[in-house]
Amino acid sequence: MSKTHTNNPQTPSHSARHVASKKHPWRTVVIVLAVLLLLLVVLPGTAIMLFMRSLDSEISMPEEEREQVAEVLTPVEGSDKPFYALIIGSDNRGNEVYGRSDSMMLARIDTENKQVDLVSIPRDMQVSINGGSTPQKINAAYAMGGSSLMISTVSDFAGVPISHYIKVGFDGLEQLVDRLGGITVNVPESFSGGNGGVSLQAGEQTLNGEQALGFARERYQVQGGDFSRAQAQRIVLTAILKKMLEQPATEIPGLVQEFAAMISTDMSTMDLVDLGMQFYGHGVTINTTGCPSYAFSQDGVSYVGVEYAEWQDMMRRIDAGMGPKGEGEIPAEQMENARLGAASNALSPKDYAGLIDQSLNSDDVIGNE
């Protein structure tokens, strides 16, 4: 698989958001895409079809959820047109129908220009959900109405149509990492007594399944809280992809099947393979960043607020294919789109200049991946 040109932020500052360049394999969804392509040289035709059908059953959402999601997704206009996808991590546990989403990323995927923009949206962002007047944290949409309400809420916040949805769970992560013989990651900061009793030192190291799961879920013993956890999940998923691609071809089918058990999506296996083939063998530019935001309290509840002007500017540049920090004049099409990046459902203060000292975009909140 070809190298990717990756822009990876250190959580951008209010005055200048930094998007550092790195070379990485494509993250998150391509974990599935790339390894599926390898199956073409491993299995005969009939076996491929049977295997892909089994993967379809693994990644498919329940029928009722699929129907609800279909009502809020916007079909892609053409195979070469950029589209948006929502990727969420879910902490659904116990007997809950829906848990709250751990983390969420809005992805703009441009197959023609081989570019992916990933924007992390804070789970505690204060918004109105489903037109209500009561302030809510944006991740509550998942608990209140499942995937479909989560999609529509993020769509309103970003001001863009969302065409696809991927939910990533971490229930099978421990077993998958152990089967791979561990994964090598660069832990941004040390923490002790974290999730599940896991303690890690900062720096590059090999994690077993238990350690990887604890790292991916930790938010209380790390400086950036939810921001650090979202970063850790990106690091873990990227490391899994790298390790999977190093395995002998005969190991790929079993590994893919285990990873498929961790995700659910509106897309079929063939959809994912088709998408992967459009990127495979090309240099892919990946820009990653976070929604410009700050922390504040209201009525004794901690929230995250959006920096409206900065968010709109970022979304206009992303939608124009310029990347989140693309330089130059924004095209008229994006400038004249009043909905784009308007955060129409946000309820945080419109006058936030005095709250910028609580910004969550400074370099010291979160380190390099």
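Let me start inside the protein, with the second largest cavity, where strand 3, strand 4 (101-110) and helix 7 (226-245) each supply at least two residues of the lining. Please keep in mind that this is a predicted model, and that everything I describe today has been computed from it. Helix 7 gives the largest share of that lining, with 4 residues, and the volume enclosed is about 110 Å³. If you want to find the place in the structure above, look for Gly-89, Ser-103, Met-105, Gln-233 and Leu-237, which are the closest to the centre among the 13 residues that line this cavity. Sorted by class, the lining residues divide into 8 nonpolar, 4 polar and 1 charged. The model has 6 cavities of 30 Å³ or more in total.

Now to the pockets. Rolling a probe the size of a water molecule over the atoms shows where empty space is left. The largest pocket has a volume of about 480 Å³, and it is lined by 20 residues, with Glu-77, Pro-82, Tyr-84, Pro-161 and Asp-319 lying nearest its centre. Strand 3, which spans 83-90, appears again here, since strand 3 and helix 11 each supply at least two residues of the lining of this pocket. As for its chemical make-up, the lining of the largest pocket has 9 nonpolar, 6 polar and 5 charged residues.

Let me turn to charged side chains. Side chains of opposite charge can pair when their charged atoms come close, and the count for this model comes to 6 salt bridges. One of them joins Lys-167 and Glu-65, whose closest N and O atoms are 3.7 Å apart. Because Lys-167 lies in strand 8 (residues 164-168) and Glu-65 in helix 3 (residues 63-72), this pair ties together parts that are 102 residues apart in sequence. Both Lys-167 and Glu-65 are buried.

A further salt bridge is formed by the side chains of Asp-110 and Arg-108, at 3.8 Å from N to O. Are these two residues buried or exposed? Asp-110 has a relative accessible area of 4%, so it is buried, and Arg-108, at 6%, counts as buried too. Asp-124 and Arg-123 also meet in a salt bridge, at 3.9 Å from N to O, and through shared partners Arg-123, Asp-124 and Lys-137 are joined into one network.

Next come the aromatic rings, for which the count is 5 pairs. How are the rings of Tyr-294 and Tyr-352 arranged? Their centres are 6.1 Å apart and their planes lie at 15 degrees, and because planes under 30 degrees apart count as stacked, this pair is stacked. The pair links distant parts of the chain, with Tyr-294 in strand 13 (residues 293-298) and Tyr-352 in the segment after helix 11 (332-335), 58 residues apart. Tyr-294 is buried, with a relative accessible area of 0%, and Tyr-352 counts as buried at 10%. Together with Phe-296, Tyr-303 and Tyr-308, these two tyrosines form one aromatic cluster.

I will end with two single residues. Arg-317 sits in helix 10 (residues 308-319) and is buried, with a relative accessible area of 14%; leaving out residues up to four places away in sequence, Arg-317 touches several others, including Met-322, Pro-324, Glu-327 and Ile-330. Gly-290, in strand 12 (residues 284-290), is buried with a relative accessible area of 13%. Gly-290 and Ser-120 are 170 residues apart in sequence, yet their C-alpha atoms are 4.6 Å apart in space.

Key: Residues are numbered from 1 along each chain as its sequence is written. This is a predicted model: local features need pLDDT of at least 70, side-chain atom pairs count only at pLDDT 80 or more; totals for chains, interfaces and linings use all residues. Side-chain values use heavy atoms; hydrogens and water are left out. Buried means under 20% relative accessible area, exposed over 50%, partly exposed in between (1.4 Å probe, protein chains only). Contact means heavy atoms within 4.5 Å. Rings of Phe, Tyr and Trp (its six-membered ring) pair if their centres lie within 6.5 Å; planes under 30 degrees apart count as stacked, over 60 as edge-to-face and the rest as tilted. On a 1 Å grid over the protein atoms alone, a cavity is a set of points where a 1.4 Å probe fits but cannot get out, and a pocket is an open set with protein on both sides within 12 Å along at least five of seven lines; lining residues have an atom within 4 Å of a point. Grid points are joined across faces, edges and corners, and a volume is the space filled by probe spheres set on the points. Ala, Val, Leu, Ile, Met, Phe, Trp, Tyr, Cys and Pro count as nonpolar, Asp, Glu, Lys and Arg as charged, and the others, Gly among them, as polar. A salt bridge is a side-chain nitrogen of Lys or Arg within 4 Å of a carboxyl oxygen of Asp or Glu.
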